[in-house]
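Student: I am new to this structure and would like to go through its charged pairs slowly, with the reasoning spelled out. Could you show it to me before we begin?

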Amino acid sequence: MPAKDTYHQAVKNALIKDGWMITFDPYPIKYEEVKLFADLAGEKTISATREGQQIVIEIKSFLSRSPMREFETALGQYLIYQTFLSLTHPSYKVYLAVGHKIYEKFFAQAAIQLILQKYQVLLLVIDIKKEEILKWIS
């Protein structure tokens with residue numbers, strides 16, 4: 001079982017507060033001979049007549065001295081998860097969850113925004129202390 005990120009519980013609590021039901025903690029992703037674990041999966045019913053939304057969340061704290069190095073690793077994980085899920089569960093959306101401070105300091109930079117747009121990375125920005133979702137960025 002993989003180790004949980006420092007912000008794991010705060011992100012999980014923020015999703016629950018926002019009306020999401022956590023369906024997996026962690027979420028196993030299996031394709032052919034490869035088995036990986038994303039941090040969380042959740043489901044939210046949109047209405048009584050429509051099917052719910054399903055998301056997979058990869059949580060990153062970015063607490064090291066090199067946010068770029070952590071971003072390289074996070075982007076690689078994100079793209080691998082997104083690729084496998086596009087084949088096994090095409091309706092699932094994959095989000096990278098980050099704290100609002102690192103979002104403002106690092107992710108808002110033009111160079112990082114270029115990469116996020118090119119690879120269509122979905123972000124979930126969390127207020128870690130308040131355990132609240134601030135932004136869903138698609």
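Student: Is Lys-44 buried, partly exposed or exposed?

Tutor: In this predicted model, the relative accessible area of Lys-44 comes to 24%. Buried would require a value under 20% and exposed a value over 50%, so Lys-44 falls into the class called partly exposed.

Student: With which residue does Lys-44 form a salt bridge?

Tutor: Side chains of opposite charge can pair when their charged atoms come close. The closest N and O atoms of Lys-44 and its partner are 3.6 Å apart, and the rule asks for a distance within 4 Å. The partner, at 31% relative accessibility, counts as partly exposed, and the residue that forms this salt bridge with Lys-44 is Asp-18.

Student: How many residues apart in sequence are the parts that Lys-44 and Asp-18 tie together?

Tutor: Lys-44 belongs to strand E4, which covers residues 40-44, whereas Asp-18 sits in the loop between H1 and E1. The pair therefore ties together parts whose separation in sequence, in residues, is 26.

Student: Which residue forms a salt bridge with Lys-12?

Tutor: Lys-12 lies in helix H1 and its partner in the loop between strand E1 and strand E2, so the pair ties together parts that are 13 residues apart in sequence. Lys-12 is buried at 19%, while the partner counts as partly exposed at 26%. Their closest N and O atoms are 2.8 Å apart, and the partner is Asp-25.

Student: Is Glu-58, which forms a salt bridge with Lys-60, buried or exposed?

Tutor: The closest N and O atoms of Glu-58 and Lys-60 are 3.2 Å apart, and Lys-60 counts as buried at 16% relative accessibility. Glu-58 has a relative accessibility of 3%, and therefore counts as buried.

Definitions and conventions
Residues numbered from 1 in each chain as written. Predicted model: local features only at pLDDT ≥ 70, side-chain atom pairs only at ≥ 80, totals over all residues. Heavy atoms only, no water. Salt bridge = Lys/Arg side-chain N within 4 Å of Asp/Glu carboxyl O. Helix = DSSP H or I, 4+ residues; strand = E, 2+ residues; numbered from the N terminus. Buried < 20%, exposed > 50% of the residue type's maximum accessible area, 1.4 Å probe, protein only.
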